[in-house]
Amino acid sequence: MVTLQLSPSIPTRSTALLLPAQRENSRNNSPVQLQKPLSSQNVSNDRLALDSVSTANALKSCTERRNLELGTCIHATVLKSGLHADVIVNNSLLEMYMKCACKEEAIELFDHMPKRTVASWTSMISGYCHNGLADDGISTFVRMLEIEYPNEFTLAAALRALAQNCDFRFICVIHSYIIKSGFLDDSFLLNSLIGAYAKSGVLVDAIKLLERFSCRDVVSWTSVISGYVLHGLMREALLVFFRMQEDGIIPNEVTILSILHACSFIGEHRTLQSIHGFVSKMGWHRHELVLNSVVQMYSTNGYFREGIQLFSKFCFDGEGQFVSPETMATLLQGCGHSHFLKFGKQLHGYIIKHGFSSCVVENSLIDMYAENDQSDSAFQVFARMNVRDIISWNSLITCLVKNGEFHEALVLLNDVHSKRVGEPVRPDFITMLEAVHACSNLSALIPGQVIHGYVTKAGLACDIFIQNALIVMYGRSGRLDLAEKIFEEMPARDLGSWNSLVTAFGINGNGKAALQAFTELNKCSPHKPNSITFTNLLSACSHGGLVEEGYEIYNSMREHGVEPSMEHYVCMVDLLGRSGKLEEAEGFIKEMPVTPSNDVWCALLGACGFYGNISIAERVANRLSIQDPQGQAWRVSLSNIYACRGQWEKAAKVRAQLRQVEGMKKEQGWSTVEVEGEMLRFLVNDTRHPESELIYAVVNGMMKHVRNDLEISCKKLKS
């Protein structure tokens with residue numbers, strides 16, 4: 001623990017304050033160019049002093065503009081002219097190097113200074129804080145105490161360093177020194193002290209000091225508000241802001257930004273509107289930082305339309321203000337989540353017009369088009385990007401997977417992994433997770449195993465999300481042994497792991513194994529089943545023909561705190577329909593506590609087609625014609641049911657209705673199958689394969705066996 005050695009003879013004001021006074025006097029003077037290199041032999045003391053001030057002004061200009069190149073040239077001129085021993089010039093050089101992030105040069109200059117003043121030490125401490133090196137700043141302050149007495153600017157710089165380290169005890173020591181040395185009437189230093197307490201989380205002491213401060217100003221209040229926001233106390237920050245209003249203090253831009261940040265976390269619509277109204281009334285919406293914060297405040301809390309209106313008013317139709325790339329990315333994400341494609345395209349035009357070439361913005365554009373099922377547009381944005389990072393590749397791969405273009409996603413993954421990319425990118429866990437999802441949807445076992453091998457080699461196999469996806473992938477590919485092996489070897493399992501295992505069993509029709517996994521989940525796992533668990537479990541019972549067990553699971557949902565949703569009702573209808581209990585499935589739908597969705601009726605219609613029950617199919621079609629008059633899937637299913645039962649006139653009538661519906665055009669459906677590691681695509685009645693005759697002969701034989709089994713099952717049910 002470092003302590004200050006206080007002396008009763010310490011002066012209340014340091015003579016080093018002359019330097020800031022000199023800087024204040026020259027503040028209104030424009031920086032002047034250095035004159036010819038001067039020699040100490042032929043320059044008078046008055047001329048040398050004048051050149052010192054001119055040089056300091058020039059260095060100050062370099063510091064403000066972060067012009068390191070010009071600053072080093074001036075330093076070289078200083079060395080030639082003999083001004084290198086001048087403490088004012090050296091202090092200006094220290095500040096210039098530190099502000100330009102040249103720490104090593106500043107340290108070397110400081111160590112070789114023939115004379116140091118309090119301002120020299122203060123520049124070093126402030127410079128360390130500016131570069132995020134609080135520990136170095138504190139150690140420099142301790143070294144100074146052995147040589148010099150600190151002034152109010154030094155103490156303020158030290159407090160800033162201590163606040164960065166949240167060193168509460170040392171701040172208290174500085175506070176005691178301030179009291180003893182008579183600095184309590186210095187408003188600048190007291191504001192620094194309030195800010196140090198607030199940033200360190202000692203907000204009670206910050207409030208006490210604020211209340212005792214007779215000359216508190218906007219900086220005092222803003223320091224406390226920022227402290228509350230920094231430590232996540234958003235509502236308390238709002239209360240302090242209201243007290244500030246009662247104190248008659250007008251907020252500045254920093255205050256407004258802090259309050260907007262707090263409101264963004266609170267997320268209450270009325271609060272957001274109140275602060276927005278205050279900002280508009282005070283005219284702060286004309287400041288670009290404030291405008292960006294208000295737009296982000298609305299957008300991040302789901303009030304996307306308000307954010308759009310504000311953006312349109314001041315950026316499209318108003319005064320031509322510009323938003324930051326971060327705000328633009330937030331708006332694009334909102335367009336994606338809200339499926340607001342029209343405004344997303346308008347934003348895209350705005351981006352092109354105003355030259356937002358940020359990689360973050362372009363990645364958000366890809367996401368926006370992906371969320372709106374615009375894969376082609378997403379790919380065009382990707383193709384035109386000048387710089388791509390791994391997020392760019394992940395965004396496009398995710399887009400392709402989301403929109404069902406799984407084969408294209410795997411091709412893109414190959415481009416990332418190969419040398420053809422041209423950018424130094426490497427697949428990360430998100431890349432591989434989406435690749436596993438693509439293989440899972442394609443039931444592509446061999447590519448999935450290759451990706452599994454890469455994941456293991458890259459050290460990503462320990463990621464629980466990838467492990468869960470691998471379980472589903474192997475389940476969809478018919479390798480339950482590998483799915484169970486991954487599950488058993490997992491060092492830690494979450495609820496998603498159990499849900500993935502139940503899904504794998506269900507896909508393969510092993511309903512009893514799925515029920516056993518559910519029993520183990522309830523007995524051995526700390527996790528409780530959720531809505532997804534019951535959806536997967538009911539689906540497993542449906543594929544396994546376990547009607548009674550499915551009913552038991554459905555009836556036990558509320559005991560586990562899960563309220564049945566539309567997905568569960570669909571699974572129950574599918575369960576009853578697959579088992580041939582069509583009347584019971586229809587009765588289940590009528591007793592549902594909510595209005596059945598189209599998916600519920602379509603599940604029953606599919607079962608009617610499976611068992612050829614025209615009467616129930618027609619009743620279902622009547623319902624769907626009301627709920628989904630533009631639907632094409634259920635009309636195709638009804639037409640197929642008529643055709644299977646030989647009622648060709650009715651089938652033709654439904655097909656004619658299908659063609660009459662305005663704008664309705666059924667897309668060709670295609671499927672994929674993996675043969676010896678190669679993915680083959682085919683359409684209905686496709687004969688392009690060279691062995692198509694043999695393929696259809698095998699398929700027809702399989703269908704004949706299925707029909708025979710169905711007839712036997714129906715006879716057993718009737719008996």
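Of the 719 residues of the protein, 46% count as buried in this predicted model. The accessible surface comes to about 38100 Å², and carbon and sulfur atoms contribute 53% of that area. The secondary structure consists of 38 helices and 2 strands. Among contacts in the protein with a separation of 6 or more, 62% join residues 24 or more positions apart.

A good place to look at helix packing is the pair α10 and α12. Two packed helices are described by the angle between their axes and the distance between the axes. Here, helix α10 (residues 187–199) packs with helix α12 (residues 218–230) at an angle of about 10°, and the axes are 8 Å apart. Because angles under 35 degrees count as roughly parallel, α10 is roughly parallel to α12. On the α10 side, the contact is formed by Asn191, Ile194, Gly195, Ala198 and Lys199. These residues meet Val219, Ser220, Ser223, Val224, Gly227 and Leu230 of α12. Sorted by class, the contact of α10 with α12 has 5 nonpolar, 5 polar and 1 charged residues.

Several residues show how parts of the chain that are apart in sequence are placed in space. Pro150 sits in the loop between α7 (134–145) and α8 (152–164). With a relative accessibility of 7%, Pro150 falls under the 20% limit and so counts as buried. Beyond residues up to four places away in sequence, Pro150 touches Phe141, Met144, Leu145, Leu155, Tyr177 and Phe183. The C-alpha atom of Pro150 is separated by 9.2 Å from that of Ala119, although the two are 31 residues apart along the chain. Ala119 in turn belongs to helix α6 (residues 118–130), and at 13% relative accessibility Ala119 also counts as buried. From Ala119 a further C-alpha separation of 9.2 Å leads to Val87, 32 residues apart from Ala119 along the chain.

Two other loop residues can be described in the same manner. Asn510 has its place in the loop between α28 (495–507) and α29 (511–524). The relative accessible area of Asn510 is 31%, so this residue is partly exposed. Leaving aside neighbours within four places in sequence, Asn510 is in contact with Leu480 and Phe505. Of these partners, Leu480 is 30 residues apart from Asn510 along the chain, with 9.8 Å between the C-alpha atoms. Thr595 is found in the loop between α33 (582–590) and α34 (598–611). Thr595 has a relative accessible area of 61%, which means that this residue is exposed. Thr595 nevertheless has contacts outside its neighbours within four places in sequence, namely with Met566 and Gln627. The C-alpha atoms of Thr595 and Met566 are separated by 9.3 Å, and the two residues are 29 residues apart along the chain.

Gln467 offers an example of a polar side chain in a buried setting. This residue is found in helix α26 (residues 464–476), and its relative accessible area is 10%, so Gln467 is buried. Apart from neighbours within four places in sequence, the contacts of Gln467 are Ala461, Cys462, Ile486, Met490 and Pro491.

The backbone also deserves a look. Most residues other than glycine have a negative phi, and most peptide bonds are trans. Arg66 has a positive phi of about 55° although it is not a glycine. Arg66 is located in the loop between α2 (45–65) and α3 (68–81), and its relative accessible area of 41% makes it partly exposed. Asp373 likewise has a positive phi, near 60°, and is a residue other than glycine. The position of Asp373 is in the loop between α20 (359–371) and α21 (375–383). With 52% relative accessibility, Asp373 lies over the 50% limit and therefore counts as exposed.

Turning finally to the cysteines, a disulfide is a covalent bond between the sulfur atoms of two cysteines. The structure holds 0 disulfides. Cys263 has 0% relative accessibility and so counts as buried, whereas Cys524, at 63% relative accessibility, counts as exposed.

Terms used
Residues are numbered from 1 along each chain as its sequence is written. This is a predicted model: local features need pLDDT of at least 70, side-chain atom pairs count only at pLDDT 80 or more; totals for chains, interfaces and linings use all residues. Side-chain values use heavy atoms; hydrogens and water are left out. A disulfide is a pair of cysteine sulfur atoms within 2.5 Å. Buried means under 20% relative accessible area, exposed over 50%, partly exposed in between (1.4 Å probe, protein chains only). Axes are lines fitted to C-alpha atoms, for helices over the stretch in contact, and angles run from 0 to 180 degrees between N-to-C directions. Helices (H or I, at least four residues) and strands (E, at least two) are DSSP runs, numbered from the N terminus. Angles under 35 degrees count as roughly parallel, over 145 as roughly antiparallel, 65 to 115 as roughly perpendicular and the rest as oblique. Contact means heavy atoms within 4.5 Å. Accessible areas come from the Shrake-Rupley method with a 1.4 Å probe; for residues, only the protein chains shown count as cover.
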